[in-house]
Amino acid sequence: QVQLVESGGGLVQPGGSLRLSCAASGSILSINAMGWYRQARGKQRELVAVITSGGSTNYADSVKGRFTISRDNAKITVYLQMNSLKPEDTAVYYCNAVIARTGSLTYYNYWGQGTQVTVSS
């Protein structure tokens, strides 16, 4: 079993900051990319940011310069620091990781349960 557990969502005023965390646990052999996606009400899920095992990052244009993704491989945790938040950042944020389980060399996508981020005054 592999689990991704997110934390750090909540309500914040425009211009504020939040930090999301996502910890992976279970029978993990190796983790490739880890990332964050979001889904606003009535919209499709979209990529926010991704970080590879080597530390390379990629961001959606809408969050560049405001959000920073990082990971702690020892803790098997990925973070998303969100600054200068806007109302349009309101969404459920999902953690994603590409993981090979112990005893297998096949990588699969795993998802967290999602955490709500609401930006409103």
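K43 sits in the loop that joins strand 4 (28-39) to strand 5 (46-51). With a relative accessible area of 58%, K43 is exposed. Across space, its C-alpha atom is 9.5 Å from that of A91, although K43 and A91 are 48 residues apart along the chain. Please keep in mind while reading that this is a predicted model.

## The overall fold

Let us step back from K43 to the whole chain. What does the secondary structure consist of? The chain has eleven strands and zero helices, so reading along the sequence gives the pattern β-β-β-β-β-β-β-β-β-β-β. The radius of gyration is 14 Å, close to the 14 Å that the globule rule gives for 121 residues, so the chain is as compact as a globular protein of that length. Along the principal axes, the C-alpha atoms fill a box of roughly 50 × 25 × 25 Å.

How much of the chain is buried? Buried residues make up 40% of the 121 residues. As for contacts, take those with a separation of 6 or more: residues 24 or more positions apart account for 57% of them. On the outside, the chain exposes about 6500 Å², and carbon and sulfur atoms supply 46% of that area. The chain carries 11 positive and 6 negative charges, and the mean positions of the two groups are 3 Å apart.

## The disulfide

A search of the whole structure turns up one disulfide. Which residues form it? The partners are C22 and C95, with their sulfur atoms 2.1 Å apart. C22 belongs to strand 3 (residues 18-26) and C95 to strand 9 (residues 91-101), so the pair ties together parts that are 73 residues apart in sequence. As a reminder of the chemistry, a disulfide is a covalent bond between the sulfur atoms of two cysteines.

Is this disulfide left-handed or right-handed? The torsion about the S-S bond of C22 and C95 is about -80°, so the disulfide is left-handed. Both C22 and C95 are buried.

Right beside C22 in the numbering comes S21, which is also found in strand 3. S21 has a relative accessibility of 17%, and because buried means under 20%, S21 counts as buried. Leaving out residues up to four places away in sequence, S21 touches V5, E6, S7, W36, V78 and Y79.

## Two residues with positive phi

Next come two backbone angles worth a look. Most residues other than glycine have a negative phi. I76 has a positive phi of about 50° although it is not a glycine, and S84 likewise has a positive phi of about 50° without being a glycine.

Where do these residues lie? I76 has its place in the loop between strand 7 (67-72) and strand 8 (77-82), while S84 is found in the loop between strand 8 and strand 9. I76 is partly exposed, with a relative accessible area of 28%. S84 also counts as partly exposed, at 42% relative accessibility.

## Pairs far apart in sequence

K43 and A91 were introduced at the start, and two further pairs can be set beside them. G8 lies in the loop between strand 1 (2-7) and strand 2 (10-12), and with a relative accessible area of 33% it is partly exposed. Once neighbours within four places in sequence are left aside, G8 is in contact with L18, R19 and L20. S121 lies in the segment after strand 11 (115-119), and its relative accessible area of 83% makes it exposed.

The table gives the C-alpha distance for each pair.

| Pair | Separation in sequence | C-alpha to C-alpha distance |
|---|---|---|
| K43 and A91 | 48 residues | 9.5 Å |
| G8 and Q81 | 73 residues | 9.9 Å |
| S121 and P14 | 107 residues | 6.5 Å |

## Drawing it together

In short, this predicted model shows a chain of eleven strands and zero helices, with one disulfide formed by C22 and C95. The two cysteines are buried, whereas K43, where this report began, is exposed.

Key: Residues are numbered from 1 along each chain as its sequence is written. This is a predicted model: local features need pLDDT of at least 70, side-chain atom pairs count only at pLDDT 80 or more; totals for chains, interfaces and linings use all residues. Side-chain values use heavy atoms; hydrogens and water are left out. A disulfide is a pair of cysteine sulfur atoms within 2.5 Å. Helices (H or I, at least four residues) and strands (E, at least two) are DSSP runs, numbered from the N terminus. Buried means under 20% relative accessible area, exposed over 50%, partly exposed in between (1.4 Å probe, protein chains only). The radius of gyration is taken over C-alpha atoms; the globule rule is 2.2 Å times the number of residues to the power 0.38. Contact means heavy atoms within 4.5 Å. Accessible areas come from the Shrake-Rupley method with a 1.4 Å probe; for residues, only the protein chains shown count as cover. Lys and Arg count as positive and Asp and Glu as negative; His and the chain ends are not counted. The place of a charge is taken as NZ of Lys, CZ of Arg, CG of Asp or CD of Glu.
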